[in-house]
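Colleague: Please take a close look at the strand pairing in this model. I should like to know which strands pair, in what sense, and how they are connected.

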Amino acid sequence: MTELKRSLVDAVGDAFNKNDIDAVINFFAEDAVFDHAIGPSPNGKRFIGKSEIRNVFNGLFEKVDSVHWETLDCRIAGNKAFCEYRRTARYKDGSEEEFFSVDILTFLGGLIVHKDTYYKQCT
């Protein structure tokens, strides 16, 4: 197993912050799993495979003028990165959104095999 480095985790974050779907999806394994925070099961809503994951994030990038994840903390244990973020977004309709989130990223062979997201929901 290759040692997970902070530089790889930061590169993933940079791709997301560029709102570049091709750069983002290149960090995911073909059979990767993304567990979104909100959904009908204890996992939230699960997306499986690069195609489904691409659709999720492409949909987000198409709705916003910009979205940014500021890394507040990142800890690595084995092949997992535990990352705390402050996420801000400006939507094309002019509205803005801000919340705090945590991603647990599991890597294998330098690619994300599981992205598990948790966040605070503003009401």
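Modeller: Two strands pair if DSSP finds at least two bridges between them, and strands are DSSP E runs of at least two residues, numbered from the N terminus. The model is predicted, with local features requiring pLDDT of at least 70. Residues are numbered from 1 along each chain, and side-chain values use heavy atoms.

I begin with E1 and E2. Strand E2 covers residues 44-48 and runs antiparallel to E1, to which five bridges join it. Within E2, Phe47 is the bridge partner of Phe34. The connection between E1 and E2 consists of two residues, and the two strands form a hairpin.

E4 and E5 are likewise antiparallel, and eleven bridges hold this pairing. Here Arg90 faces Glu96, a residue of E5. Four residues separate E4 from E5 in their hairpin, and Gly94, which lies in the turn, has a positive phi of about 95 degrees.

E5 also pairs with E6, again in the antiparallel sense, through eight bridges. In this pairing, Val102 stands opposite Tyr118 of E6. The two strands E5 and E6 form a hairpin with two residues between them. The turn of that hairpin contains Gly109, whose phi is positive at about 60 degrees.

Taken together, E5 is paired antiparallel with E4 and with E6. Each of these pairings is a hairpin with a glycine of positive phi in the turn, namely Gly94 between E4 and E5 and Gly109 between E5 and E6.

Notes:
Predicted model: local features only at pLDDT ≥ 70, side-chain atom pairs only at ≥ 80, totals over all residues.
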